[in-house]
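Thank you all for making the time this morning. I would like to walk you through one model, and I will try to keep to what can be read from its coordinates.

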Amino acid sequence: MRRIDREVTQQSRIDAIIEACDCARLGFCDDNGVYIVPLNFAYLREGGTPVFYFHCAKEGRKLDALAKNANVGFELDTNHAVHSGKDGCDFSFRYQSVIGTGCAALVDDVQEKKEALRRIVWHYSGREAWEFTDAQASSVAVIKLTVSEMACKEHQ
Ligand SMILES: Cc1cc2nc3c(=O)[nH]c(=O)nc-3n(C[C@H](O)[C@H](O)[C@H](O)COP(=O)(O)OP(=O)(O)OC[C@H]3O[C@@H](n4cnc5c(N)ncnc54)[C@H](O)[C@@H]3O)c2cc1C
């Protein structure tokens, strides 16, 4: 990162920034090139490794792309604020963001799908206790993204 003064390296701060985000953008590669899709998400660490879960319909372009190439990129950002000034060059934009890459895979196990859905709704509701039936879990696709590398930057 060129602006090393803006890099966030403390794991707990990175996790808090991700938790403050409400949208993750997943970048796939398909035959037409790069395909970026905004998605709701859940985030956790598995033995220290960052993991994201997403849910979606069981068909569509992103799943076609995933079937061809499991390597994906991702980006999230939050805490936006415009700082204005007298001159154009005095304007700046405050943000916190995360960019990374990882390996995505469809989750087949119904129990893991239910847990992923519970975590996704938890992320947006703030309430942990949600239940899903096997039929509900089976009616959607769940994508698990295991992060290979990620960087976090903030401009405050
Ligand atoms: C903030 C946010 C959160 C979202 N959260 C979820 C989620 O959790 N789960 C979920 O399934 N979907 C979510 N969506 C919708 C998601 O972005 C996709 O539209 C959806 O998942 C379908 O993707 P697909 O690849 O199957 O598209 P398809 O239905 O196969 O359509 C493919 C084509 O449609 C167009 N397209 C697809 N999505 C979009 C889009 N969002 N905006 C503009 N054009 C588009 C593109 O041209 C693309 O080539 C969210 C959207 C936003 C903006």
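I will begin with the overall fold, then go through the sheet, the core, one helix, the ligand shell and a few single residues.

Please keep in mind throughout that what you see is a predicted model. The protein chain is made up of four helices and eight strands, and if you read along the sequence, these elements come in the order β-α-β-β-β-β-α-β-β-α-α-β. The C-alpha trace of the protein chain extends over about 60 × 40 × 30 Å when it is laid along its principal axes. Of the chain's 156 residues, 21% count as buried. For those of you who think in contact maps, among the contacts in the protein chain with a separation of 6 or more, 71% are between residues 24 or more positions apart.

Let me turn to the strand pairing, starting from strand E2, which covers residues 24–30. On one side, E2 runs antiparallel to E3, and seven bridges join the two, while the connection between E2 and E3 is a hairpin through two residues. Within this pairing, phenylalanine 28 has tyrosine 35 in E3 as its bridge partner. E2 is also joined to strand E6, residues 71–83, by four bridges, and this pair, too, is antiparallel. Here glycine 27 stands opposite glycine 73 in E6, and leucine 26 stands opposite phenylalanine 74 in E6. E6 in turn runs antiparallel to strand E7, residues 92–106, with eleven bridges between them, and one of the facing pairs is histidine 83 with serine 92 in E7.

While we are on E6, I would point out asparagine 79, which lies in that strand. Asparagine 79 has a positive phi, about 55°, although it is not a glycine. With 14 other C-beta atoms within 10 Å, asparagine 79 is classed as partly exposed.

Next, the interior. The largest nonpolar core has 26 residues, and the members that touch the most others are Phe41, Ala42, Phe52 and Tyr53. Strand E8, residues 141–155, gives the most to this core, namely four residues. If we set aside residues up to four places away in sequence, phenylalanine 52 touches Ala24, Phe41, Ala42, Tyr43 and Leu145.

Now to helix H2, whose buried residues are Lys62, Ala65 and Leu66. Why do these residues line one face of the helix? Looking down the axis of H2, we find its buried residues within an arc of 100°, so they line one face. What do they pack against? The buried residues of H2 pack against E2, E3, E5, E7 and E8, whereas the face of H2 turned away from its buried side carries the exposed residues Arg61, Ala67 and Lys68.

That brings us to the ligand, and to the question of which residues are around it. They are Cys23, Val37, Pro38, Leu39, Asn40, Phe54, His55, Cys56, Ala57, Gly60, Arg61 and Lys62. By class, this shell divides into seven nonpolar, three polar and two charged residues. Strand E3 (33–39), strand E5 (49–56) and helix H2 (61–68) each supply at least two residues of the shell.

One member of that shell, His55, deserves a closer look. Histidine 55 lies in strand E5 and is partly exposed, given that 19 other C-beta atoms lie within 10 Å; the cut-off for buried is 20 or more. Although histidine 55 and valine 142 are 87 residues apart along the chain, their C-alpha atoms are separated by 4.4 Å. Leaving out residues up to four places away in sequence, histidine 55 touches Ala116, Leu117, Ile120, Val140, Ala141 and Val142.

Finally, is glutamate 149 buried or exposed? Glutamate 149 lies in strand E8, and it counts as exposed because it has 9 C-beta neighbours inside 10 Å, where 12 or fewer is the limit for that class. Apart from neighbours within four places in sequence, glutamate 149 is in contact with Gly100 and Thr101. Between glutamate 149 and threonine 49 the C-alpha to C-alpha distance is 9.6 Å, with their positions 100 residues apart in sequence taken as a separation.

That is where I will stop, and I am glad to take questions.

Key: Residues are numbered from 1 along each chain as its sequence is written. This is a predicted model: local features need pLDDT of at least 70, side-chain atom pairs count only at pLDDT 80 or more; totals for chains, interfaces and linings use all residues. A residue is near a molecule or strand if its C-beta atom, placed from the backbone, lies within 6 Å of it. Ala, Val, Leu, Ile, Met, Phe, Trp, Tyr, Cys and Pro count as nonpolar, Asp, Glu, Lys and Arg as charged, and the others, Gly among them, as polar. A nonpolar core is a set of buried Ala, Val, Leu, Ile, Met, Phe, Trp, Tyr and Cys residues joined through C-beta atoms within 7 Å. Two residues are in contact if their C-beta atoms, placed from the backbone, lie within 7 Å. Two strands pair if DSSP finds at least two bridges between them. The arc is that of the directions from the helix axis to the C-beta atoms.
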